[in-house]
Amino acid sequence: MTDTTPTAAPTGSYYGRHIFFCLNDRTNGEDSCAHHNAQAGFDRCKALVKKAGLSGPGQVRVNKAGCLDRCAAGPVAVVYPEAVWYSFVDESDIDEIVESHLKNGQVVERLVTPAHLGR
């Protein structure tokens, strides 16, 4: 993938990169990202991005999202403009996504969500 540095927002874009974390919590007994520490992943990512000075216009935005319909791969997050979907397990996965992708533009291949995994 092409390296698009966070400080160089694509034309017409307010942010260079935007990461959305599914925080959906299904209360009907179905599995969902919220049942797999998605909130902790979001919180860690937001804190690391801020600490690294990557947040703000032209850089990185970390956002909560409702259901992204990829429950079978959860918890998941998606990074735009590259449209790279990640499945993560723990803090070290979030650390790697921030350092490699959000900061340096390198996709973390080992965490990419398999294309066939949906709901």
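**Exercise 1. Find which residues of the largest nonpolar core touch the most other members.**

Solution. This is a predicted model. Start with the core itself: the largest one holds 28 residues. Next, pick out the members with the most contacts to other members: Ile19, Phe21, Cys45, Val49, Val62, Tyr86 and Leu102. Then ask which elements give two or more residues to this core. They are strand 1, strand 2, strand 3, strand 4, helix 1 and helix 2. In general, nonpolar side chains of soluble globular proteins tend to be buried together.

**Exercise 2. Work out the strand order of the sheet and say which strands stand at the edges.**

Solution. The sheet is open and has four strands. Their order is 2-1-3-4, and the pairing is mixed. Strand 2 and strand 4 each have a single partner strand, so one side of each lacks a neighbour in the sheet. These two are the edges. From one strand to the next, the twist averages 20°. Now take one pair: strand 3 and strand 4 run antiparallel, joined by four bridges. Val79 stands opposite Val84 of strand 4.

**Exercise 3. Place the two helices relative to the strands.**

Solution. Helix 1 first: this helix packs on the sheet and touches strand 1 and strand 2. Its direction makes about 165° with that of strand 2. Helix 2 lies across strand 1, strand 2, strand 3 and strand 4. Helix 2 runs at about 160° to strand 1.

**Exercise 4. List the buried residues of helix 2 and what they pack against.**

Solution. Helix 2 spans residues 91–103. Its buried residues are Asp93, Ile94, Ile97, Val98, His101 and Leu102. Their packing partners include helix 1 (38–51) and strand 1 (17–22). After helix 2 comes Gly105, with a positive phi near 75°.

Note on methods
Residues are numbered from 1 along each chain as its sequence is written. This is a predicted model: local features need pLDDT of at least 70, side-chain atom pairs count only at pLDDT 80 or more; totals for chains, interfaces and linings use all residues. Side-chain values use heavy atoms; hydrogens and water are left out. Buried means under 20% relative accessible area, exposed over 50%, partly exposed in between (1.4 Å probe, protein chains only). Contact means heavy atoms within 4.5 Å. A nonpolar core is a set of buried Ala, Val, Leu, Ile, Met, Phe, Trp, Tyr and Cys residues joined through side-chain atoms within 4.5 Å. Two strands pair if DSSP finds at least two bridges between them. Axes are lines fitted to C-alpha atoms, for helices over the stretch in contact, and angles run from 0 to 180 degrees between N-to-C directions.
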